[in-house]
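Subject: Handing over a structure, with notes

Dear colleague,

I am passing on a structure that you have not worked with before, and my notes on it follow below. Please open it first and keep it in view while you read.

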Amino acid sequence: MSRKEAEPAGQDGSSSSAADGAGGSGSGRELADALARRRLYREVTLALRSGLRDAKADFSFLRARGLRSLLGFLRSTDSAADDARLLLFRHSQSIPDLQVIPVLFQNSLHQPKQDPVVTLDHIFGTEPMKITSPPTDSEIALALRVLEGCCLLYSRCTALAHKYKAVKVLLNILASRGPTEQGVCLDTLISLMLDSPSNQMDFEEYSGLEKVAELLKDVQVERHIRLKCGEFLLLLIGHCASLIWAASRFGSTLDAEQRQTTLQIQAMRVVESLEPY
């Protein structure tokens, strides 16, 4: 029997008033919580829409502005006091218009196969040619940081990045760009391979370990980048179970300890072949 049923039917009305007050207070809290959730949802979607709009622009300085906005949003999401903002971000990545990963690989991290062909129609204006400025070093570094943040906050972003051959793109950046991008690229590779067998397999397929080792051996590469390459290789050698992809190569007959030992032996052979630096 509830308290309301146990008490007399309110000779002075005090019991009924108290119950009504409690109900009103509960409804008020629910309304306040609902309004707070709605406001937070608007903030998250607005931050993503505005950042993505600039990140798809034709000019590099606009894309860089959008990437800085997205990076700031991801950092604030990571440092939020509760998980409400994080959960909304994860939900947003199921909505095509709010997905960050496709925008990164279609714009700042896009690698055109060949230079655009200019025809007479383009020159004389009968068929206007869309001009897109190439990404700068700082823009690519920002895009890599945004990619890293998305993968660390939500594993489905890592899976989506795999569809865009993210590991192959990053290894190309590592081999062809300057130190501004190379250091960030190594960090982002780690986030891509965490708990992602598909990206780990890609790293092996595209000889990622050997390419990092080549960069480490190159005396013309800046020292801090070579040190970062060394840290990357040591991380692979260490006890980091999330970065074990040997099972995909040797099949399921090896247990976890044997797979880790196999990976360590492979990485150690690469490191032992390096000259002192």
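How many nonpolar, polar and charged residues does the lining of the second largest pocket have? By class, that lining has 4 nonpolar, 1 polar and 4 charged residues. Please keep in mind throughout that this is a predicted model.

The pocket itself has a volume of about 170 Å³, and the residues that line it are L71, L74, R75, D78, R145, E148, G149, L152 and L153. Two helices, α3 (60–78) and α7 (137–153), each supply at least two residues of this lining, and α7 gives the most, with 5 residues.

The chain as a whole

The secondary structure of the protein chain comes to 15 helices and 0 strands. The chain has 277 residues, of which buried residues make up 39%. If you consider the contacts between residues at least 6 apart in sequence, 70% of them join residues at least 24 apart.

Helix α9 and what covers it

Helix α9 spans 166–176, and within α9 the residues A166, V167, V169, L170, L171, I173 and L174 are buried. The elements that cover these buried residues include α5 (101–106), α7, α8, α10, α11 and α12 (208–217).

Two of the α9 residues, V169 and I173, are also among the residues touched by L109, which lies in the loop between α5 and α6 (120–124). Although L109 is in a loop, it counts as buried, at 3% relative accessibility. Leaving aside residues up to four places away in sequence, L109 touches L104, I140, A143, L144 and L147 as well as V169 and I173. For one of these partners, I140, the C-alpha atom is separated from that of L109 by 6.5 Å, while the two residues are 31 residues apart along the chain.

N199 in helix α11

Is N199, which is found in helix α11, buried or exposed? N199 is buried, with a relative accessible area of 0%. A polar atom of the N199 side chain lies 3.0 Å from the backbone oxygen of L192, and the backbone oxygen of T158 lies 3.5 Å from a polar atom of that side chain. Not counting residues up to four places away in sequence, N199 touches T158, H162, V167, L192 and M193, and V167 is one of the buried residues of α9 mentioned above.

Two loop residues with positive phi

You may wish to look at two positions where the backbone has a positive phi in a residue other than glycine. K165 has a phi near 55 degrees, and K165 sits in the loop between α8 (155–163) and α9. D195 has a positive phi of about 55 degrees, and D195 is found in the loop between α10 (179–193) and α11 (197–205). K165 is partly exposed, with a relative accessible area of 46%, whereas D195 counts as exposed, at 66% relative accessibility.

D195 can also be viewed together with S155, which has its place in helix α8 and counts as exposed, at 56% relative accessibility. S155 and D195 are 40 residues apart in sequence and, from C-alpha to C-alpha, 8.1 Å apart in space.

The cysteines

The structure holds 0 disulfides. Why does C151 not form a bond with C157, whose sulfur is the closest cysteine sulfur to its own? The sulfur of C151 is 6.3 Å from the sulfur in C157, and this is too far for a bond. For C157, the closest cysteine sulfur is in C150, at 4.8 Å, so this pair is also too far for a bond, given that a disulfide needs sulfur atoms within 2.5 Å. Both residues are buried, C151 at 6% relative accessibility and C157 at 2%.

With best regards

Definitions and conventions. Residues numbered from 1 in each chain as written. Predicted model: local features only at pLDDT ≥ 70, side-chain atom pairs only at ≥ 80, totals over all residues. Heavy atoms only, no water. Helix = DSSP H or I, 4+ residues; strand = E, 2+ residues; numbered from the N terminus. Buried < 20%, exposed > 50% of the residue type's maximum accessible area, 1.4 Å probe, protein only. Polar contact = N/O pair within 3.5 Å; in protein donor to acceptor, adjacent residues only side chain to side chain. Contact = heavy atoms within 4.5 Å. 1 Å grid on protein atoms, 1.4 Å probe; cavity = no way out; pocket = protein on both sides within 12 Å on 5 of 7 lines; lining within 4 Å. Points joined across faces, edges and corners; volume = space filled by probe spheres on them. Nonpolar A, V, L, I, M, F, W, Y, C, P; charged D, E, K, R; others polar.
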